[in-house]
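Student: Please give me a close look at one part of this model, the place where aromatic rings meet, and set it against the chain as a whole. I would like each cut-off spelled out as you go.

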Amino acid sequence: PFEAVAKGAALCANCHDAAAMTGTGKVQHVPFKDGECLLCHDPHASANPALLTAKGNLLCVSCHAGQGAKPSFGHAPMASARGCLSCHSAHSADHGALLTSATGPLCLTCHAATKAAVEKTATPHAPAAADECTACHDAHGSGVKGMLKDREDRVCYACHSDAEAKFLKTYTHAPVRDGACSSCHHPHGSDQGALLKASGPALCASCHADFMKPLDGGAIHAPFAGGDCRSCHDAHGSSLKGMASAKLETLCASCHADVKAQVDAGRAKHEPAAAGACTACHSPHQTALEGLLLAKGPDLCLGCHRALKSAMDGGEVHSPAAGDCLLCHQPHASAENRLMVRPARELCAGCHDVTTAAFSAAHLQIEPARIRCERCHDAHASKEPHFFKSNAHAPFAGKSCQDCHLPPRAGIK
């Protein structure tokens, strides 16, 4: 029934200096700019400060409905008494979104300790150093821990766009697979390169401590002992098993060039060595055995040579074969057949005295240098006496050499 002496903001301006409320603010709240004071204030009385028509954030979210949800990880000021006004001005401001100051300085009014910590690091994260907090964080709250704008890896990939395709390989490191970049990298700053949370071995040990614990005795691979995990592994992912940074033959040969040269030059090559499958016999980290071997001598070899194991299980075993394969064979390559360390007759003569009369009689007076032991004897195991091969030509088995051979001529052996 009572007509106002003036309309809209003109009436309010009779008492309230609009210019003072505007100040230097280049950005004005739309209701304030349009003179719609009564959208936020009651002209007569209110239970709220400044005659606001609703309490705290409820008034703001009546228009800004998108900010009304309560996220799992909310920003503390949103729940404080000042609410939205902790960061925003109600009427005008010099900064976008009516922020009371630029984003970085505004955040630092509460998070000064974070900024101080970043400035002390040798490698600050570029957004943190530039006070670009909202590059990664949602200022109002988020469903992701740390108020991140999205899942952690997606936030990182927003800048590191080439990394996603590079990292997601057949064998991906679990933190990368799970999108947990901060498992290894500090999001604000670090004294380590690449924002790592610790130096190489200490970082890996944060997950792999039990695996990295040194064994008592035995052998340890030098890179593993030195904590130089990345000399063999890609920290993010690889198309090769074990997240190897290169194929095994290339990786191992980068340090063990002498073995590679031996294999390349060898007449006989051990199949795993020729195929670059070094870990078929050796542990790349540590073992209780010399040479980083995965098992003791014959057991390791017989894991592949199953037919030989069966023969040894069912017959009398030649003592070198029962003890150490490397007494007779090279592990990687050899200039001799069957990976022998030297010609077979020389090997045999190392244990068997070929100069005795008994030896000469048993071998029909044939010159030892002409004898090929492996033609008649099995070097590993046999059910026959003297390790003869089980399948023998009948005249040979009956020692009737004359059935096929002429007697040796005088002077010829």
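Tutor: Helices and strands here are DSSP runs numbered from the N terminus, a helix being H or I over at least four residues and a strand being E over at least two. On that basis the chain has 21 helices and 14 strands. Its radius of gyration, taken over C-alpha atoms, is 41 Å, well over the 22 Å that the globule rule (2.2 Å times the number of residues to the power 0.38) gives for 413 residues, so the chain is more spread out than a compact globule. The model is a predicted one, in which local features need pLDDT of at least 70 and side-chain atom pairs count only at pLDDT 80 or more, while totals for chains, interfaces and linings use all residues. Residues are numbered from 1 along each chain as its sequence is written, and side-chain values use heavy atoms, with hydrogens and water left out.

The C-alpha trace spans about 150 × 40 × 35 Å along its principal axes. Buried residues, meaning those under 20% relative accessible area (exposed is over 50% and partly exposed is in between, with a 1.4 Å probe and protein chains only), make up 23% of the 413 residues. If contact is taken as heavy atoms within 4.5 Å, then 49% of the contacts between residues at least 6 apart in sequence join residues at least 24 apart.

Now to the rings themselves. Rings of Phe, Tyr and Trp (its six-membered ring) count as a pair if their centres lie within 6.5 Å, and planes under 30 degrees apart are called stacked, those over 60 edge-to-face and the rest tilted. The structure holds two such aromatic pairs. One of them joins Phe 211 and Phe 224 in an edge-to-face arrangement, with 5.8 Å from centre to centre and 75° between the planes. Because Phe 211 belongs to helix α11 (residues 200-212) and Phe 224 to helix α12 (residues 222-225), this pair ties together parts that are 13 residues apart in sequence. The partners are covered to unlike degrees, since Phe 211 is partly exposed at a relative accessible area of 48%, whereas Phe 224 is buried at 12%. The other pair, Phe 388 with Phe 396, is also edge-to-face, at 5.8 Å centre to centre and 85° between the planes. Here Phe 388 is partly exposed, with a relative accessible area of 28%, and Phe 396, at 38%, counts as partly exposed as well.

A histidine completes the picture around Phe 211 and Phe 224, for His 285 touches both of these residues, and its contacts also include Ile 220, His 221, His 233 and Leu 292, leaving aside residues up to four places away in sequence. His 285 sits in the loop between α15 (271-274) and β11 (286-287), and its relative accessible area of 19% makes it buried.

For contrast, consider another phenylalanine, Phe 73, which has its place in strand β2 (residues 73-74) and is partly exposed at 34% relative accessible area. Again leaving aside residues up to four places away in sequence, Phe 73 touches Gly 141, Ser 142, Gly 143, Val 144, Lys 145 and Met 147. Helix α8 (residues 152-159) has Asp 153, Val 155 and Tyr 157 as its buried residues, and they pack against α9 (163-167) and α10 (174-177).
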